[in-house]
Amino acid sequence: MNPQTIERVNTDDEEENSEASLAPSSNKEIVEVLSVLRRVIQHRAYSYHLGLSTVYQIIIEVCYAIIKIVMPEVMLVPTEQKWKEIASKFWTCWNFPNCLGAIDGKHVTIQAPPNSGSQYFCYKKTFSIVLLALVDAHYNFIAVDVGSFGKNSDGGIMAHSQLGKALDQNKLNVPPKEALP
C-alpha cells in the first residue's frame, strides 16, 4: 500500500472523500502493512506499558478505520461487465457456465466471550465466528461478511448479510439470465 493509504486511515471523516488511489498493487503489500501494524502495536505496548485490553482496543479501532475507509474503494460492487468476466473465467477455468462466484462460510474458532451463552457455539462443538466469502474463479474476494455468530448457518448468514440483502433487492448489477451453452 502506498503512504497515502496509511495517511487516509489516520484522517478524520471529513477527508474520507479525497481522490487518493487506495488499490494495493499486491496482497504482499497488505500483508506487509498488517505486519508493520502488529510490530508498532507491540512496540507501543512495551514502550508505554499498555495492558493487553488497551492493545486489543487499539487493534479494533484501527481495523474499523481500515474497513470504513479502504474497503469501499478496494472491494467495489462489480459492474454488469465485471460479473460477465467472472462468469467467463468460471467457464474457461472450471468448465462451470454462468457462475458468478463461489460462496462458502468458514468457522473461525474463538474463546467464548463472557456472558455470550450459546450464540457462538457451533456444530463443531467449539465457539466460533463465521467468515462468509464470495470469490471469483481465481479465489479473489468479491465480497466478505465477518463476525456472525457460530450457531448460524451459512444460508442464514447470507440472508442477513449486506451481500444477501443487496442481491435480494437487485442492487448488485447482476446480468440478465442467459441460456446454458
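These exercises work through a predicted model of one chain.

Residues are numbered from 1 along each chain as its sequence is written. Local features need pLDDT of at least 70, side-chain atom pairs count only at pLDDT 80 or more, totals for chains, interfaces and linings use all residues, and side-chain values use heavy atoms, with hydrogens and water left out.

**Exercise 1. Describe the chain as a whole.**

Step 1. Take the elements. The chain has seven helices and three strands. Helices (H or I, at least four residues) and strands (E, at least two) are DSSP runs, numbered from the N terminus.

Step 2. Put them in order. The pattern along the sequence is α-α-α-α-α-β-β-β-α-α.

Step 3. Check burial. Of the 181 residues, 24% are buried. Buried means under 20% relative accessible area, exposed over 50%, and partly exposed in between (1.4 Å probe, protein chains only).

Step 4. Check contacts, meaning heavy atoms within 4.5 Å. Among contacts with a separation of 6 or more, 50% link residues 24 or more positions apart.

**Exercise 2. Work out how strand β2 is paired.**

Step 1. Locate β2. This strand spans residues 128–135, and six of its eight residues are buried.

Step 2. Apply the pairing rule: two strands pair if DSSP finds at least two bridges between them.

Step 3. Take the β1 side. Strand β1 covers residues 102–109 and runs antiparallel to β2, with eight bridges between them. Thr 109 faces Ser 128 of β2.

Step 4. Take the β3 side. Strand β3 covers residues 141–149 and is also antiparallel to β2. Seven bridges join β2 and β3. Leu 134 stands opposite Ala 143, and Val 135 stands opposite Phe 141.

Step 5. Look at the turn. Five residues lie between the strands of the β2 and β3 hairpin, where Tyr 139 has a positive phi near 65 degrees.

**Exercise 3. Compare the settings of Ser 128 and Tyr 123.**

Step 1. Place them. Ser 128 sits in strand β2. Tyr 123 sits in the loop between β1 and β2.

Step 2. Read the accessibility. Ser 128 counts as buried because its relative accessible area is 0%. Tyr 123 counts as exposed because its relative accessibility is 62%.

Step 3. Find the neighbours. Leaving out residues up to four places away in sequence, Ser 128 touches several residues, including His 107, Tyr 120, Cys 122 and Phe 149.

Step 4. Add a distance. Tyr 123 and His 107 are 16 residues apart along the chain, and their C-alpha atoms are separated by 9.9 Å.

**Exercise 4. Assess the cysteines.**

Step 1. Recall the bond. A disulfide is a covalent bond between the sulfur atoms of two cysteines.

Step 2. Count. With a cut-off of sulfur atoms within 2.5 Å, the structure holds zero disulfides.

Step 3. Check exposure. Cys 63 is partly exposed, because its relative accessible area is 32%. Cys 122 is buried, because its value is 3%.

**Exercise 5. Classify the lining of the second largest pocket.**

Step 1. Sort the classes. Ala, Val, Leu, Ile, Met, Phe, Trp, Tyr, Cys and Pro count as nonpolar, Asp, Glu, Lys and Arg as charged, and the others, Gly among them, as polar.

Step 2. Apply them. The lining of the second largest pocket has eight nonpolar, two polar and three charged residues. A pocket is an open set of points on a 1 Å grid over the protein atoms alone, where a 1.4 Å probe fits, with protein on both sides within 12 Å along at least five of seven lines; lining residues have an atom within 4 Å of a point.
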